[in-house]
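Student: Could you take me through one part of this structure in detail? I would like to see how the pieces of a single chain pack together.

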Amino acid sequence: MSKIEVPVMADLAAQGKKPEYLYWVGCAGAFDDRYQKVTRSFTKILNHCKVDYAVLGKEESCTGDPAKRAGNEMLFQMQALQNIEVLNGYEVKKIVCTCPHCYNILKNEYGELGGNYEVVHYTTFLENLMDEGKLNVEKSSFKNKKVTYHDPCYLGRGNKIYDAPRNLIKTMDVDLVEMKRSKSKALCCGAGGAQMFKEAEKGDKEIYEERTEDVLESKAEIVATACPFCMTMLTDGIKFKDKQEEVKNLDIAEMIADSLGL
Amino acid sequence: MTKQIVFAVTLLITLGVFAFTLKRLIALFRLTKPAEPLGHWGERIKLTLKVAFGQTKILRKPVIGLIHALVFWGFLVITVGSIEMVNDGLTGKERSLADLGGFYDFISASGDVFAYIVGIGIVIFLIRRLFLHIKRFYGKELTKKNKMDANFALLLILLLMISLAGMNIYYVAGNHGELAGIYPVSSHIAGNVTPSHFMHEFFWWMHILLIFFFANYLPYSKHFHVFLSIPNVFISNLKPLTRLPNIESVTKEVKLMLSGNAFQETGNEAPARFGVKDVEDVTWINYFNSLTCTQCGRCTEVCPANITGKALSPRKIFVDLRNRMNEKGLKMIKDKKYDDGKSLVNDHISYEELWACTTCNACAQECPLNISHPNLIMDMRRFLVLEEGRAPTGINSMFANIENNGAPWQYSPEDRLLWTEL
């Protein structure tokens, strides 16, 4: 792979430029081996659609979501107030996030601390680009494939975004099938609420196993996700069940970038 | 006249007992903390019309939901009839609202039809509870007493409907030609009974006395939701489900720390406890939720932790809160400093339960009365972490990583753009 040109906020500021959007990459977006591919895909789409954006790069820091969900309000607010200082310093108005956890906390919990932004999740953002005619998937790489979509809790139940991801998937001429538990009844992947960073409590099975069984039951060839933590869990679940040949886990951004030949 | 006096005395006793219960409840609510201000009244009215009166969330299970909705709607019209009965009892009149004309026809007719529908619904509920094994009606938080309470409340409602129907049947049978109101079902049955003033009086008294008893039983039962469900929906969370309110007192401290004045005098405020340890730390809405909870188990049924065999049951959090309030709160009313050496967190709700929550909000989504379980669970985690410093190893490493390098994993901020050059 090659280097992608990604505008960085500090560089633009030095040139006196203020991009329309800040792309909040998130920690998983920056560091998770698998999810880095999603970050790359999304920025390729942004570049392809000539979106006026930038990332914070080295100035980005954890939103504090896992700390807050794990009860450490002190650490969360330290992170939040420092991030807000950086964001307000650049006079950021609009933020687009790939991670639903970053999206939820920036949108719903930063406001009271002085961080008021228009925050969108990338699925809504791309859907808008399509509606405006700036993004057209003419040749799908996934034509007629059987695809199912796993709703991330922080996107679906949390913020009622059910249609945008599905509409994006449908533009790729796939056979979209629903799992038995979907939309507001979707089962969690097991990673939220800081579970990602700890061992599961004693029980009969792992939550990701239970969810992977839903995926397998749908007979889909691809399970599409829109969250880095869901991706980790479902990819692990598919490996655990030894079904890598039957079903693949891709992020919607990867599917679109692939279809666009990016 | 004797009937009126007897009735007035019974009513006074009923209201007296109810006033005692209310006084006790107010004292318990006084122990709790303020919640976020309500506001958004228009939005709240709309939500109440939809979720409480429209029963939209109970209807997420269409079949059993519809039976519940019919029982609920039935209660609404039958209540108008009950108000009439109180008026009749005090004034010595019969069917005193009959002057309302067309509206009375509507109320009496729907009340009569619903008496039978509710009765049938309750029989179905009883069969379900007694003979079918429905998983969500079981769980370690549901004791024998809880199950008896459920069945007893259903039995009371069944008797209420039988007495209402009996009263209507004998009213129609004894008043041919000059009926006030319309009784579509009872008038069909009335032809088959011998008119009897005694039987009419018997069912009348049976019905009103059952109402008086029921009203005073409810506040001590899981069926308190008959009174509290509508207001509970009205005060419920309007914000996105995954929004967790910030702790304001922490903001002040963090701002001081960031400005380098960590040790500055912050005034004479007594240091508040962070998070929830016991009943005095919950908000009044949390306690209201616990009184409203009907223990239906729709929350626990969809909880991913519970489904995969973990100790967490979202329903248990609220059942425990209500029990603990009875255990500790009632003593605290008499002695503000009462301490039995136990607490809600740790003695009732374990560390293991609290750390099993994924905050997926499936529980809050399914709760027919809009209770938010995850936010209370996280308030309890806040106590564990900020006051007791107790968190799983992985969580402590995550905290350390965020503190040291601004990411939950051990990566340097310098490497935040490496993904661009893979």
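Tutor: Happily; here is a look at the domains of one chain and then at one helix pair. This is a predicted model, in which local features need pLDDT of at least 70 and side-chain atom pairs count only at pLDDT 80 or more, while totals for chains, interfaces and linings use all residues. Residues are numbered from 1 along each chain as its sequence is written, and chains are lettered from A and ligands numbered from 1 in the order in which they are written.

Chain B is assigned domain 1 (2-30 + 61-223) and domain 2 (248-405), with bounds from an automatic or database domain assignment. Ten residues of domain 1 of chain B are in contact with 16 residues of domain 2 of chain B (contact: C-beta atoms, placed from the backbone, within 7 Å).

Now for the helix pair, where helices are DSSP runs of H or I with at least four residues, numbered from the N terminus. Helix H3 (residues 62-91) of chain B packs on helix H4 (residues 102-131) of chain B at about 140°, the axes being 8 Å apart; axes are lines fitted to C-alpha atoms over the stretch in contact, and angles run from 0 to 180 degrees between N-to-C directions. H3(B) is therefore oblique to H4(B) (under 35 degrees is roughly parallel, over 145 roughly antiparallel, 65 to 115 roughly perpendicular, the rest oblique). Residues making the contact include B:Gly74 and B:Val77 of H3(B), and B:Phe114 and B:Gly121 of H4(B).

Notes: Contact = placed C-beta atoms within 7 Å. Helix = DSSP H or I, 4+ residues; strand = E, 2+ residues; numbered from the N terminus.
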